[in-house]
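Here is a short briefing on one protein chain. It runs from overall fold to surface and then to the cores.

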Amino acid sequence: MSKFKGKRILVVGFGVSGVSVARYMAKQGAKVIVTDQKQRTELLESINSCADLKLEFELGKHNPKTFTSVDVIVLSPGVPLKSQALDEAREKGIPIVSEIDLAVSAIKEPIIAITGTNGKTTTTTLIGELLKADDKKVFVGGNIGRPLLDYVMSGDKVDYVIAELSSFQLEITERLAPAVAVFTNMEPDHQDRYPDYDSYVTAKKRLLKSCNKNSFVVLNYDNPTVAQFSFENPGRLIWFTKKNPIDVQGGFAETFVGVYFQAEGKRLVVKMNGREDAYDLAKFKLLGEHNRENLMAAICTATAMGVQPRAIQTVIDQFRGIAHRMEFVRKKDGVYFINDSKGTNVMSVERALSSFPTNPIILIAGGKDKGADFTPLQALVEDHCKILILVGEAKEKINRALGDFAETYLVGTFEEAVLLSFQKSRTGDIILLSPGCASYDMFRNYEERGDYFKKLVNQL
């Protein structure tokens, strides 16, 4: 018998995660109440997807009385942890849990968890492809694609569950005990959610604290914040680095376990499990040094899980990247269009701009501000951008920070941004959508923004 049968469960937030929780709890025989500050008209897609369930809805605002009259509250990742309603529920001792906790309590397979500021989705996808190339069955989900509860409800059986986890998902997750924890990098982000950088890092480090002595912990040696995690690491440490361990000051080649560059970045060397394997990067298709970091993180994980070198080289040669992350869309009249809609913070834009050292760039940026400081982009914009086209709520703020460093246009619509970028372009230019902002001022998510960009580009 389910421990939730007959219980009153409050689902706070009715996006993708909330829908999955509602469906799971309904299957457990619980009485499910859904609350969201959005109006019914804004949630029709989610509501219609649960038309077969008996759900009670409280939409448009939260009712604190409901929060104190249920048995369990399940909080969606986008919902802030502090509110009057949640505080009153805590005072009454009502459990507040995450969808991740519900899922991992029911998952028996090894979980590979990936977090960080940038590169999570590419690294997660690469890990999935590496394991599949070695004939392993995998489920890939979490912050990418499907919620983990969808796997629990599917009845499928896999060898590994691979989960991309955001800081929001980790904030109240208590039960995760990953086989592998991967940290791609840490940079300032979500400054509209966290009071300072340390608070953001603390949320991410919950994944580190969930590890045990049997967990592999994959860390980026080149990222100062992540490198410090090694001092608190409870598991088996694996590094990835663009530096050769022999050349590092004080050298640590003898003790190094992990992946590093060799031969001027033309190949990767894996030193693990008492052996060394080298991989040729000649056919690796993803642009930018950051994607080489993502590849190293994925290979660390795959090697720790016993994936054979043959499978790893196959994926290196064949992997074409993911949608909305430095995605080639089209070449028209000698102009290249790149969709980096998933670039929702300053570091993402920095990495995108650095991926094209020779081509002039027309950068389309802007959207919903997350409290970011755009001034670190000044030198890159001056060196790489011939034109800056700004759109969305944050356009004035970005203009104040960057407008003096390139020819700049502020536009009113996304359509105008794309059309103007093409009108101003010349053969050899790159038109790059890398917003540096969230999408919620104009779109439901970065996927919708990227898909619309591709549609507009293909209509030119």
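The protein chain holds 17 helices and 20 strands. The model is predicted. Its fold, surface and interior are taken in turn below.

**Overall dimensions**
- The radius of gyration of the protein chain is 23 Å, which agrees with the value near 23 Å that a compact globule of 460 residues would have.
- The C-alpha trace spans about 65 × 60 × 35 Å along its principal axes.

**Burial and contacts**
- Of the 460 residues in the protein chain, 56% are buried.
- Among contacts with a separation of 6 or more, 64% join residues 24 or more positions apart.

**Surface and charge**
- About 20,000 Å² of the protein chain is exposed. Carbon and sulfur atoms supply 48% of that area.
- The chain carries 59 positive and 57 negative charges. The mean positions of these two sets lie 5 Å apart.

**Nonpolar cores**
- In soluble globular proteins, nonpolar side chains tend to be buried together.
- The largest nonpolar core has 60 residues. F14, M25 and F183 have the most contacts inside this core.
- Leaving out residues up to four places away in sequence, F14 touches V19, A22, V34, D36, L43, S46, I47, C50, L55 and F57.
- A second core, separate from the largest one, has 40 residues. Its members include F216, C300, A302 and I322.

Key. Residues are numbered from 1 along each chain as its sequence is written. This is a predicted model: local features need pLDDT of at least 70, side-chain atom pairs count only at pLDDT 80 or more; totals for chains, interfaces and linings use all residues. Side-chain values use heavy atoms; hydrogens and water are left out. Helices (H or I, at least four residues) and strands (E, at least two) are DSSP runs, numbered from the N terminus. The radius of gyration is taken over C-alpha atoms; the globule rule is 2.2 Å times the number of residues to the power 0.38. Buried means under 20% relative accessible area, exposed over 50%, partly exposed in between (1.4 Å probe, protein chains only). Contact means heavy atoms within 4.5 Å. Accessible areas come from the Shrake-Rupley method with a 1.4 Å probe; for residues, only the protein chains shown count as cover. Lys and Arg count as positive and Asp and Glu as negative; His and the chain ends are not counted. The place of a charge is taken as NZ of Lys, CZ of Arg, CG of Asp or CD of Glu. A nonpolar core is a set of buried Ala, Val, Leu, Ile, Met, Phe, Trp, Tyr and Cys residues joined through side-chain atoms within 4.5 Å.
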